[in-house]
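Dear colleague,

I am passing on the structure we spoke about, and below it you will find my notes on what came out of the analysis. Please read them with the structure open beside you.

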Amino acid sequence: MARRVKIALQAAAVGVVALLVALLAWQVVRTDQGKALDSKVVAGEKPTAPVFELDALDGSGQVSLEDLRGKAVVVNFWASWCAPCKDEAPTLEAAWQKWRNRDVVVVGVDLQDLTSDAQRFVDRYDVSYPVLRDKHNWTWGRYGLSGLPETWFVDREGRLVGEHVEGPVTAEELDRNIQLALGSPS
Amino acid sequence: MKRILLATVLVALAASGAASASEQHPTLAELERELICPTCHETLAVSTSPIADRMRSYIRARIAAGDTKSEIKASLVDQFGEGVLAAPPKRGFNLLAWLLPLVGLTIAAAVIAVLARRWSSGRGEPAPPDPSGNGRAPIDPELERRLDEELARFDA
């Protein structure tokens, strides 16, 4: 009887340790998933952009990256408290106005932010492109973000192309990568 | 015994009264200890990040507006997810974070109890000596049988 109890306790201990190791491995793999996107794009690959479905800041419903398939998408990650985000907001708005009638969508993804602050930011900088709220930080790990702002470019097939811009994006970077996303060959 | 019981009841009542006051009229300091900055993952009490400053302003405004502690926390969870709470909520998968330490302590206590009982039973009264053994431990019957056989063979 005592031997059985001992074996059961040992099995339970091994099970708990295995579970914790599995959880750790899952977390490491999930984190690396986003980081791996960078190296793939640099190597000339076109990895599939992680699909997200997030609430629009203006309360008009949810927007999914899947819904934008067939268009080039500029995905800009930002927050209202981030100073460089304020610097790049007019540049992004100008690019939106310039490209919006040519199968291009600029999408702002606001994360780690208060909703009221995000709304004030949008009003203050006259942002008219769609802004989504990532309340649960879902995109942070999946897009391998390390700070704000950061910008990725998605081609018509839903693949990441061009540069992953860390820091405020410039008009030249936007034009160059949008053209790449529009004309990206299969 | 009655005094201990009375003291326990009084302490419990005082604690529940304090908890209720804290729920209805929370302070910034206690909420700062119970909430996490989403960028640096430190409590608001120690974080100096820009979003922590904004969250403190938000909490101050909500307290001034008369919100309860639960309402303020729920509002921040709605905007940042459950990761904003310093302690996970006691429901769903998060319940594991509360239960596992208790389960671990219970198992450890059970193991210690079993080991202690085994150890103490091993140190019980010694068995009475075999009268034929001159105070030494009795011989194993199998060994005794083999010894007898060997002696008989030797005698033959």
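Read along its sequence, chain B follows the pattern α-α-α-α-α-α, and the count for this chain is accordingly 6 helices and 0 strands. Please keep in mind throughout that this is a predicted model, and that everything below was computed from it.

To stay with chain B for a moment, the chain is divided into domain 1, covering 20–87, and domain 2, covering 89–120. The centres of domain 1 of chain B and domain 2 of chain B, taken over C-alpha atoms, are separated by 32 Å. Of the 156 residues in chain B, 13% are buried, and among the contacts in chain B with a separation of 6 or more, residues 24 or more positions apart account for 46%.

Chain A is built from both kinds of element, with 5 helices and 7 strands, and these follow one another along the sequence as α-β-β-β-α-β-α-β-α-β-β-α. Buried residues make up 34% of the 186 residues in chain A, and 72% of its contacts with a separation of 6 or more are between residues 24 or more positions apart. The radius of gyration of chain A is 21 Å, whereas a compact globule of 186 residues would have one near 16 Å; in keeping with the overall dimensions, the C-alpha trace of chain A spans about 80 × 40 × 30 Å along its principal axes.

The strands of chain A are best described together. They form an open sheet of 7 strands in the order S2-S1-S5-S4-S3-S6-S7, with mixed pairing. Strand S2 (62–64) and strand S7 (160–166) of chain A are the edge strands, each of them pairing on one side only. On average, and with direction ignored, neighbouring strands of this sheet are turned by 30° against each other.

At one edge, strand S6 (residues 150–154) of chain A runs antiparallel to S7(A) and is joined to it by 4 bridges, and A:Val154 has A:Leu160 as its bridge partner in S7(A). Helix H5 (residues 171–183) of chain A packs on the sheet, where it touches strand S3 (72–78), strand S4 (104–111), S6 and S7 of chain A, and the direction of this helix makes about 160° with that of S7(A).

Strand S5 (residues 131–134) of chain A deserves a closer look. How are its two neighbours paired with it? Strand S1 (residues 53–56) of chain A pairs with S5(A) in the antiparallel sense over 2 bridges, with A:Asp55 standing opposite A:Arg133. S4(A), by contrast, runs parallel to S5(A) and is joined to it by 4 bridges, and here A:Leu111 stands opposite A:Asp134. In a regular strand the side chains alternate between the two faces of the sheet. In S5(A) both faces are covered, since A:Val131 and A:Arg133 on one side, and A:Leu132 and A:Asp134 on the other, are all buried.

Finally, the two chains meet: 10 residues of chain A are in contact with 11 residues of chain B. On the side of chain A that touches chain B, the residues divide into 3 nonpolar, 4 polar and 3 charged.

With best wishes

Definitions and conventions
Residues are numbered from 1 along each chain as its sequence is written. Chains are lettered from A and ligands numbered from 1 in the order in which they are written. This is a predicted model: local features need pLDDT of at least 70, side-chain atom pairs count only at pLDDT 80 or more; totals for chains, interfaces and linings use all residues. Two residues are in contact if their C-beta atoms, placed from the backbone, lie within 7 Å. Ala, Val, Leu, Ile, Met, Phe, Trp, Tyr, Cys and Pro count as nonpolar, Asp, Glu, Lys and Arg as charged, and the others, Gly among them, as polar. The radius of gyration is taken over C-alpha atoms; the globule rule is 2.2 Å times the number of residues to the power 0.38. A residue is buried if 20 or more other C-beta atoms lie within 10 Å of its own, exposed if 12 or fewer, and partly exposed in between; C-beta atoms are placed from the backbone. Domain bounds come from an automatic or database domain assignment. Two strands pair if DSSP finds at least two bridges between them. Axes are lines fitted to C-alpha atoms, for helices over the stretch in contact, and angles run from 0 to 180 degrees between N-to-C directions.
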